[in-house]
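Dear colleague,

I am handing over the structure below, and after it I have set out what was found. Please read the notes with the structure open beside them.

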Amino acid sequence: MRVKKLDIVFWFSAIVVALLVIIGAVAPKAFASVATEIFNFTTYAFGWFYLLAVLFFVLFCIVIALTKYGRVRLGNDEDRPEFPFFTWVGMLFSAGFGVGLVFWGIAEPMSHFFTPPRETVDALGVEAARVAMQYSFFHWGVSQWSVFTIVGLAIGYFQFRKKEDGLISTTLKPIIGEKKREYIRKPIDILAVIATVMGVATSLGLGILQINGGLNVVFGIPNNGMIQLIIMVVLLVLYLTSTTTGIERGIKYLSNLNLTLALLLMLFVFIAGPTVFILNTFTLGIGDYISSFFNTSLRLTPYQGGTWVRDWTIFYWAWAIAWSPFVGAFIARVSRGRTIREFVFGVLIVPPVIALFWIAVFGGTALHFDLFGGTEIAQAVDNDITSALFATFAQLPFTFILSLLSILLIFTFLITSADSATYILGTMTSGGSLNPPLFLRIIWGTLMAAIAAVLLIASGLEGLQTASLVSALPFTIILIAICYSLIKSLRREPGLKRSNKKI
C-alpha cells in the first residue's frame, strides 16, 4: 500500500509533542505546576462526566454484542481470524495494560489497605483488605476495557468491513458525512495522536519507575533520575529494534513471550503463596465487584469532600481514554475476521478476568502476609510505591529469581507496548497506512521516549498521571460520538435491516 504524503496531522502533532519535550526540559517546575493545575481542574469539574461516560461504554458494548449486530464480521463474511486465540489474547494484554497491571497489581490493593477508599473503614484491618480488593477489581475490570473495545470495534469495522482507512476521524464518517470536511477530521486525528503519545508515555514512565525500583532492591542500583534515563535509552534501542521486524514477527513473538512469562510467574506465586486464601479472595472479590458495580461506577463525594475518587477512579478512566486511540487501533489491526460478538467478549471479558486473577494472586498474597504474617508491605508501598512487587517477593522462596523474571517481564511488556504504539502512530500520521514507513515509526518512538523522560524528571509519578488527563477530556466526547456513528452505520448493514432472525 502506498503511503500518503505526510500532512498536517503529522506535522502539527509532532511539533506539539516536541514543544512539550523542550518546555519540560527547560522549565521542569513550571511544566509540572501547569500539569497539576490541569489535573486538579479537570478532575474536579468533569469527574462526573468521566464516570457516566465509562458506565455508558460498558452497557453499550454488552448490548451491541447481544443484539443482531453481534453477527457482523470485522471484514468480509468469509474472513476468519488472522491470529490464534492465545496469540490474540497475548497481543490484547501486551498492547493494553499489561505493564500497568504489573505495576499496580500489588501497589493498588496495598495502597487502599493502608489508606482505605472510605473514611468509615479502619486502615490495615480486615474490612480495609476487603474494600481494597473490591476497588482494585473494579479499576481493572470491564470498565477500562470497555473504552478500548469501543475504539477497536469502530476502527476494525470501518477499516475491514467498510474498506476505509484506520483513522479515528473515519469512524465518525456517518456523522460528518461523505465529504472530506478536513477542518473537522484533522483536529480529531491530531488529538488522537497527542492522546496516544501521552498515554503511552505514562505507561513507559510507570514501567521505568518500577524497573528502577526492582534494580534497587535486587542489585542496590540507585533509584534516581539518571538511572531512569539510562533505562529509557536502553528501552528505546530495544523497541526501535523490534519495530524493524514488523507486527507479524516482533510484536507477535513478544506478545506470546509476555503472556507465557506472566502466566508462569502468576502460577508460581499462586502455588507458593497462600493458595486457598487467594481462591477465597478471588471469589469474594468477584462477588463484591458484581454486587457493587453500579454504586462504585457512579461514586462521588460531593457532601464530605475529599479527592480519593479523583485520584484513583477518575485518573484510571482518563488514563484508559488517553490510551484508547492506540490500544483500540492496535487490537482492531489484530482482530480482522472476528465477529463483533467474538471481539466484544474477547476484549471485554478475557483480559479483565486475567487481570482480576492476577490481582487476587499478587495483591491477595501481599494482604495475607500483612494480615497474618506481621509483615509491613503496605507501609513499604506507602513509602515507595515502586517497591510493592519486590517487597512481596521478599517473603516468597526464590526471591532473586522472581525479581529478575519480573524485571524481564516489565521490560518485554514495555518493548511490546512501545513497539505497537510506534506502529499505530505511524498509521495515524500516514493517512491510515497498514504499513507505515520505518522512519515515521522511529520518529514517534523517539518522541515518546523523550516525553516520558521529561515527565519523569519534571515531577515523577504525579507528572505522568497529570499528562494522561490533558487530552482525555475532549476525547471522551469523541468516543461518545463514535458509539452513535457505529450504530448508525450498522443499521444500514445489508441483511440486518430486514433480518427477523432471533439472536
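**Helix packing and a few single residues**

Helices H13 and H17 stand roughly perpendicular to each other, since their axes, as fitted in this predicted model, cross at roughly 90° and come within 9 Å. On the side of H13, which covers residues 308–333, the contact is made by Trp-323, Pro-325, Phe-326, Ala-329, Phe-330 and Arg-333, and these meet Ser-417, Ser-420, Ala-421, Tyr-423, Ile-424 and Met-428 of H17. Sorted by character, the residues of this contact comprise 9 nonpolar, 2 polar and 1 charged.

H17 itself runs from residue 399 to residue 428, and its 30 residues should span 44 Å at 1.5 Å a residue, which agrees with the 43 Å that separate its end C-alpha atoms. Of those 30 residues 24 are buried, so H17 is largely enclosed by the rest of the structure.

A second pair of helices is H6 (residues 142–161) and H14 (residues 340–373), whose axes come within 9 Å and cross at roughly 150°. Because angles over 145 degrees count as roughly antiparallel, H6 is described as roughly antiparallel to H14, and the crossing of the two is right-handed. H6 contributes Val-142, Trp-145, Ser-146, Thr-149, Gly-152 and Leu-153 to the contact, while H14 contributes Ile-340, Phe-343, Val-344, Val-347, Leu-348, Ile-349, Pro-351 and Pro-352. The residues of this contact divide into 11 nonpolar and 3 polar, with no charged residue.

Two residues in loops have a positive phi although neither is a glycine. For Leu-124, phi is near 65°; this residue lies in the loop between helix H4 (98–114) and helix H5 (126–139), and with a relative accessible area of 45% Leu-124 is partly exposed. For Lys-163, phi is about 60°; Lys-163 sits in the loop between H6 and helix H7 (173–176), and at 46% relative accessibility Lys-163 also counts as partly exposed.

Finally, there is Asn-256, which belongs to helix H10 (residues 247–272). Leaving aside residues up to four places away in sequence, Asn-256 touches Phe-86 and Thr-87. From Ala-45, by contrast, Asn-256 is separated by 211 residues in sequence and by 42 Å in space, taken from C-alpha to C-alpha.

With best wishes

Notes
Residues numbered from 1 in each chain as written. Predicted model: local features only at pLDDT ≥ 70, side-chain atom pairs only at ≥ 80, totals over all residues. Heavy atoms only, no water. Helix = DSSP H or I, 4+ residues; strand = E, 2+ residues; numbered from the N terminus. Expected span 1.5 Å × (residues − 1). Buried < 20%, exposed > 50% of the residue type's maximum accessible area, 1.4 Å probe, protein only. Axes fitted to C-alpha atoms, helices over the stretch in contact; angles between N-to-C directions. Parallel < 35°, antiparallel > 145°, perpendicular 65-115°, else oblique. Left-handed = near helix turned anticlockwise from the far one by under 90°. Contact = heavy atoms within 4.5 Å. Nonpolar A, V, L, I, M, F, W, Y, C, P; charged D, E, K, R; others polar.
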